[in-house]
Amino acid sequence: MNIDKEGDRERLLRENGLAFFGAITASVSHELNNIISIIDQTGGLLDDLLAGARHGRPVENERLQRIAESIACQVKRGEGVIGHLNTFAHSVDHQVQEFEINQLVGNITELTRRFASLKRVHLETQPFDTPVTLQNNSFLVQQAVFLCIKQLLASAEREDTITVSVEDDRSGVRLLIKAEPSRLKTDDLDLHYLELLTGYIGGTIELRDGSGAVVFELMVPHWRDPDNP
Amino acid sequence: MIKTKVLLVDDEQDFTSVLAERMETRGLQVDIAGSGMEAMERVKGRSYDAIVLDLAMPEMDGIETLKHLLAQNPDLQVILLTGRATVEKGVEAVKHGAVEFLQKPADIETLVEKIREAQAKKVFLFEKRVEKSISEIVRKKGW
C-alpha cells in the first residue's frame with residue numbers, strides 16, 4: 001500500500017472512515033431490527049391472547065404483567081443502543097473536540113459488542129479511575145480502538161476475552177486493547193493504516209505479543225491543536 | 001391430527017420464545033435452537049417439516065448452517081427469517097437450497113403459510129421418491 005503522498009493519505013482516511021461508519025451503523029441497524037422484531041412479536045402475542053379472551057379463554061393478569069415487562073425491557077435496550085449511536089454520530093461534528101476518554105471508550109466498545117458476540121468473545125472495559133478530558137479527533141480515536149478490536153477478533157476464538165483499558169499519565173492517555181489468550185499471527189498484520197490513523201491524532205501505536213496475551217498499545221495525546229488538526 | 005414440526009433457529013431468546021408460543025397457538029409443534037451447531041444436533045434426532053433459520057448468528061452464520069443442514073439431509077425445508085435481508089443474501093440463500101427468504105419483523109400468518117407450503121413440498125418430494133423407488137423395483141423385477 002503506497003500512502004506516501006498527502007493526497008493518498010487523505011483519501012485513505014476518508015474511505016476507511018466511511019467504511020468504519022458503515023460497519024457501525026449496519027451493526028446497530030441489525031440490533032434495532034432485532035429489538036423491533038421482539039416488540040412486534042410480543043405485541044402480536046398480546047393480540048392472540050385478546051382474541052382468545054373474546055372466545056372465552058381468560059388472560060391471567062400475571063401473564064399480561066410479564067408481557068408489559070418484556071416490552072419495557074426491549075424499549076430500554078433500544079434506548080441504550082440509540083444513545084450510543086447518537087454519541088457516535090456526533091463525534092464527526094468537529095475535527096477536534098473535547099471528550100472524556102472513559103466515556104468514549106465505553107461507547108465504542110458497546111457499539112462493537114455485537115461483533116464480539118457473533119464470535120462468542122467477551123469484550124470488557126477497564127476505565128481509568130478518574131475522568132480524563134482530551135481535546136482531539138474523537139472519531140479517529142474510536143476508529144483506532146475499533147480497528148484494534150477487529151484485528152484481535154479476527155483470530156479470537158469462543159470464550160476468549162478482549163479488554164480495553166484506559167491509563168493516564170503526563171505524556172497522554174494509553175489505551176491498551178488486549179486479547180487473551182494470544183492467537184494473533186503478528187507477521188500477517190498490516191499496521192500501516194493504524195499507524196497513519198494514530199499519526200493524525202498525534203499518537204502512536206505498538207503491538208506487543210507475549211505472556212499469553214497480545215496487546216495493542218495506543219498512545220493519544222491530551223491535546224491536539226484545533227487550528228492544525 | 002399430526003402437528004407440523006418446526007425447528008426455530010435464532011440466538012435472540014426473547015424473540016424465539018414469543019414466536020414459538022404464537023406458532024404453537026396456530027397448531028405447530030416448535031423446537032428452539034440457539035445456534036447453528038445446536039440446530040445440527042437437533043436435526044440428527046428428529047424429523048422436521050420446516051426449519052426457520054436466522055442469518056446472523058454467533059459462530060456459524062445462517063448460510064453456513066443452511067449448507068451443513070442440507071448436507072446432513074437434502075430434504076430439509078429451510079426458511080430464512082432475518083433482519084439482514086439483502087437481495088444478494090436472498091439469492092445466495094436460495095442458491096444454497098433455502099425454500100424461502102423472509103425479512104424480520106415478519107407477519108406471523110405469512111410465516112405460518114410458508115411453513116405449511118414447505119411441509120407440503122416435503123411431502124411431495126417424499127412421495128416422488130417413493131414413487132421412483134417403486135418404479136425402479138418394478139423395472140428391475142420385470143413386472
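**A walk from Ile177 outwards**

Let's start at A:Ile177: setting aside neighbours within four places in sequence, this residue is in contact with A:Val145, A:Cys148, A:Ile149, A:Leu152, A:Ile162, A:Val164, A:Val215, A:Phe216 and A:Leu218 (contact means C-beta atoms, placed from the backbone, within 7 Å). Keep in mind that this is a predicted model, where local features need pLDDT of at least 70, side-chain atom pairs count only at pLDDT 80 or more, and totals for chains, interfaces and linings use all residues. Residues are numbered from 1 along each chain as its sequence is written, while chains are lettered from A and ligands numbered from 1 in the order in which they are written.

A:Ile177 also belongs to the largest nonpolar core, which has 41 residues, and is among those touching the most other members, along with A:Val145 and A:Leu152. Such a core is a set of buried Ala, Val, Leu, Ile, Met, Phe, Trp, Tyr and Cys residues joined through C-beta atoms within 7 Å; buried means 20 or more other C-beta atoms within 10 Å of a residue's own, all placed from the backbone. Helix 4 of chain A gives the most to this core, with nine residues (helices are DSSP runs of H or I, at least four residues, and strands are runs of E, at least two, numbered from the N terminus).

Now for the sheet. It is open, with five strands of chain A in the order 2-4-5-7-6 and mixed pairing; strands pair if DSSP finds at least two bridges between them. Strand 5 (residues 172–180) and strand 7 (residues 213–220) of chain A pair in the antiparallel sense over seven bridges. One partnership to look for is A:Arg174 with A:Met219 in strand 7.

How values were computed: Buried ≥ 20, exposed ≤ 12 C-beta atoms within 10 Å, placed from the backbone. Contact = placed C-beta atoms within 7 Å.
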